[in-house]
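Grab a coffee and work through these exercises with the model open beside you. Try each task before you read its solution.

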Amino acid sequence: ELATQWFALRYGLTPTETEVLKALSAGARPGSVAEQQGVAISTVRTQIQSIRAKSGADSISELLRQLAVLPPLISALRMDIN
């Protein structure tokens with residue numbers, strides 16, 4: 001979750017785009033994201049397209065790979081506290 005928030009801040013995602021990204025990273029399909037948010041699938045597809053454009057990802061898979069390769073931020077924060 002912290003990595004997703006950092007990713008969202010880095011690429012200037014809107015709160016709704018961030019929620020879509022969180023759902024996708026948890027394994028949700030675009031159709032189920034639309035259902036959960038009470039919006040049309042076309043809305044979610046537009047949001048995914050916007051996230052991809054902002055991050056430079058060519059696909060949802062690439063987007064999730066970018067998110068997956070982020071270093072573990074919690075560990076980094078704990079080290080800074082000590």
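Helices here are DSSP runs (H or I, at least four residues), numbered from the N terminus. This is a predicted model, so local features need pLDDT of at least 70 and side-chain atom pairs 80 or more, while totals for chains, interfaces and linings use all residues. Residues are numbered from 1 along each chain as its sequence is written, and side-chain values use heavy atoms, leaving out hydrogens and water.

**Exercise 1.** Find K54 and work out what it touches.

*Solution.*
- Start with helix α4, residues 41–55, where K54 is found.
- Next, check exposure: K54 counts as partly exposed (buried is under 20% relative accessible area, exposed over 50%, partly exposed in between; 1.4 Å probe, protein chains only), because its relative accessibility is 33%.
- Now list contacts (heavy atoms within 4.5 Å). Leaving out residues up to four places away in sequence, K54 touches Y11, G12, L13, T14 and E17.
- Finally, look at Y11: it sits 43 residues from K54 in sequence, yet their C-alphas are 5.9 Å apart.

**Exercise 2.** Which helices help cover the buried residues of α2?

*Solution.*
- Pick out the buried residues of α2 (15–25), among them E17, V20 and L21.
- Then see what lies over them: the cover includes α1 (2–11), α3 (30–37), α4 and α5 (60–68).
- Zoom in on V20, whose contacts include V33, V44, I48 and I51.
- Last, step just past α2, where G27 takes a positive phi of about 100°.

Definitions and conventions. Helix = DSSP H or I, 4+ residues; strand = E, 2+ residues; numbered from the N terminus.
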